[in-house]
Structure formats: structure tokens, C-alpha cells
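Work through the following exercises with the model open, and settle each step on the coordinates before reading its solution.

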Amino acid sequence: MATENEFSLHTLSAEARRHIRVFQLHQFLDRFAMGLTVAVVTLALTDRGMDLFQISLLFGVYSLTTMAMELPFGGLADTIGRKPVFLAAVVASLMSLALFLSSSDFYVLALSFAFIGFGRALRSGTLDAWFVETFKAAAPGVDVQPALAKAQWANAMGLALGAVLGGLLPDAFGWVAKRHGFSIYDVSYAVSFGVMLLVFLFTLLAIAEKPRLMNTKALKQGFADVPGVVKEAGLLALTHPMLSVLLAALALFLMATNPVEVIWPTHAKPMLEDGFANTVIGALTATYFFSIAFGASLSPRISRMFKRRHAVTLSGIFACLAVFQIALAMQGEIVGFVVAFVLFSITLGASETPASSILHTFVEDRQRSTMLSLRSLIQQLGAALGLILTGAVAEVYSTPVAWSLGAAFLLIAVMLTGVLALRIRATNRSDR
């Protein structure tokens, strides 16, 4: 494996710097549009008359749609191009928002959530792959990890600011929506629809990809080639000594951390006074996204501390996450909980780019989108399994016990990434 040069923004070509800025802005806008609805989706569904069981079913529709479509559309992006598949994802998001705004019927809302999952599956591994490939062409031999960190920072900031604004809009302009017969939470969804239109136009005009043949015959051939691309990527993931270990570690990572990300509001709320609980939970949600953005901005510095050995970096981050997750589980007062939660979230934000850098090193352009989709699928399966196990343990014992036991998955991930680091080191020595 060839050694890559250390990243320095000032030494990059103008083309490479522009490429980073364009992708940062794109990621910010796309996640900002999503963040606008994150803060109010449960409240909006409750306002439409949905009970908790129906809300769970709707999120289940989203998850099942995403997992079913993840790999096929990753393979399609590798065959017909990343830009057209991402544009289709934006169209799916727009259709989801339009359906949500148009009805309070459960089945229409289920279709809306199916389109959210459809859009998520279409997005997975599209422009991320385009960004890495174009960056490598503009800056050959340069470590892509800090560039990915800049994109991850913009991604998290978009979610954070979107969540803040999405929570404020119903209070500020909800009266306008009610005057016209809509829910106050529809204001956030309407603004999200407008921003998503902007994302479509920005993608169309600012994202440059070498055009591929897009007539009906080429499109049919693209779909026909998908099974072969998926099979090849799957075999690579299973047989490649580095990728198989990395994907297993990432599945364990999500098994441990996803239950914390999902369940923490129900654990923190009893620590708060009733009159201010919802406000504090909203502020903590925004803090969570801001902390992830801060962690992403720190990841290049952390990488330099570990001499840009990404597997070693990832192992160290997983070890810190295990410590912070156990510390979080031990907190019984809100101040201690907030401190542990912020440290946990910052470390979580720092974990994304070392893992991505390892994956991109061992994957070729022709299967990059598919492999990113496969990674996403494996992580979702790990997250789902973690939620089931954590829910079962929490039901019998308590949430802190479940989180503490979940940290054991992170310790196993630490060992796997340690093995990965040794394998990469051995490969580098043999290449010299």
C-alpha cells in the first residue's frame, strides 16, 4: 500500500481547494434540509394523531426500505454515475416532504417514510465516492482523511443548525400555518422542501462529473450490471483481510453507540424539571450535532498525533468511546450527564474519517459507491441489533446497565482495529 503525503490545504492546487469547498457547501445544505425536520418529526406525527406504535411502524418502514435498497443503488451509482443517482435521491426526498405535508393519513405517511428510506438508499455512497475520486485526481498521493474531515464538519454543522432552526420555526411562525389549516410543525417541513430544491439546483450546477452514457439501453445495462457489481464488492468485503476486519469493527461500533444516540433523551429527561425538560432536551440535541462537528474538525489533529496511522487512530478513538459511554451510564445528575454526553459526542464525530480513509484506500473507483453502501448496510444492521439487545437488557435491568454492557462491543472493536493496524503495517513493510 503506497504511503500518502500529509494533507496541507495551502499546498493543494486551486482545483483541489475548490473541490473541497464545493463539497462542504453541498453537504451543509443537504444535511441542513434534513436537520430542519429532525427536531420536530415525532412532534409532527403526534400532532397528526399518530400513537407511539404507529410512529414506531413508520420508522420501521423507513429502515426496511433503506436496508432493502442500499446495495442495489450503490451498485447503480458505480455503473451509471454518482450525480444522476444523487439527483434521484433529492427527488425522492422532495416527494417524501410533499406527501408528509399533504396528509395525516397513516398510509400516506408510511409512503412518505418509504420515500425517505428510498432517498437515503440512493444517497448512500454517491457523492462521497465522487468526492474521493475527484480529490485523488486533483491531489494525487495526498492523504484524503483531512479533506473528509472538513466535509464531515460541514455535514454535522448542517444537521446542528437545521435542528436548531427546525425547532424554532414552529414557535415563531406556527400561527401562520394554523391560519391556513396546517400543523405548526409543517412550517419546518415547508422550509425543508425549499432548501431541498436548492440542493437539487446546486447539485445540478456545481457538481461536475464526467458524463456517462444515459440512454435507455445504457440505463437498462446499468441495472443489469448491478448484481455483478454487488457480488464483486461483497466478495471483496468478505475476503479482503483489511476490509473484512474494518467492517466487523464498524458493526460492533454501531451496536454499542447507536442505542446511546437513540435512547439518551428518555434517560436524561427524568433528571430535569418538568417545566424546562423539553427545552433542555432540544438544546442538548443541537449540542450533540455541534459536538460531532467539533469532533470532525479535530480528527486531522488526532490523526497527526498517531502519525496518520488511521487504524491505530480508530482503535484509540474506540477505546475513548468505551470509557465515555461507561461514564455516561454512571451519571445520575444532569450536569455530569451533559459533560459525559458532550465528550462522547465529540469522540463520535472524530471516528468517521479514519474509518472512511481506511476503506477508500483499499477500494477501487469502479466499486467505491457499492462498498460505501455495503458499509452503511452493515452499520445499520449492527445498529438495529444493538437497539434490540439494549432494549431487552434495559427492560430487565436498566438503561445504564445496558449502555455499560454495550461498551463491551467497543472493546472488541478496539481489538479488531488493533489487528487491522498490524495487518496494514505488515503490508506496508512488504511493499517497501
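**Exercise 1.** Determine the handedness of the crossing of α4 and α8, and establish how the two helices run relative to one another.

*Solution.* In this predicted model, the crossing of α4 and α8 is left-handed. For the direction, take the axes of α4 (residues 82-102) and α8 (residues 186-206), which come within 10 Å and cross at roughly 160°. Because angles over 145 degrees count as roughly antiparallel, α4 is roughly antiparallel to α8.

**Exercise 2.** Describe which residues α4 and α8 bring to their contact, and what their chemical character is.

*Solution.* Begin with α4, whose contributions include F86, L87, V90, L94 and L97, and then turn to α8, where the residues met include Y189, F193, M196, L197 and F200. Sorted by character, the residues of this contact divide into 17 nonpolar, 3 polar and 2 charged.

**Exercise 3.** Find how many aromatic pairs the whole structure holds, and classify the pair F100 and Y189 as well as the pair F253 and F318.

*Solution.* A search of the whole structure gives 11 aromatic pairs. For F100 and Y189, the ring centres are 4.1 Å apart and the planes lie at 5°, so this pair is stacked; it links helix α4 to helix α8 across 89 residues, and both F100 and Y189 are buried. For F253 and F318, the centres are 5.1 Å apart with the planes at 25°, so this pair is stacked. F253 belongs to helix α10 (residues 243-268) and F318 to helix α12 (residues 310-329), 65 residues apart, and both F253 and F318 are buried.

Definitions and conventions
Residues numbered from 1 in each chain as written. Predicted model: local features only at pLDDT ≥ 70, side-chain atom pairs only at ≥ 80, totals over all residues. Heavy atoms only, no water. Axes fitted to C-alpha atoms, helices over the stretch in contact; angles between N-to-C directions. Helix = DSSP H or I, 4+ residues; strand = E, 2+ residues; numbered from the N terminus. Parallel < 35°, antiparallel > 145°, perpendicular 65-115°, else oblique. Left-handed = near helix turned anticlockwise from the far one by under 90°. Contact = heavy atoms within 4.5 Å. Nonpolar A, V, L, I, M, F, W, Y, C, P; charged D, E, K, R; others polar. Phe/Tyr/Trp six-rings, centres within 6.5 Å; stacked < 30°, edge-to-face > 60°. Buried < 20%, exposed > 50% of the residue type's maximum accessible area, 1.4 Å probe, protein only.
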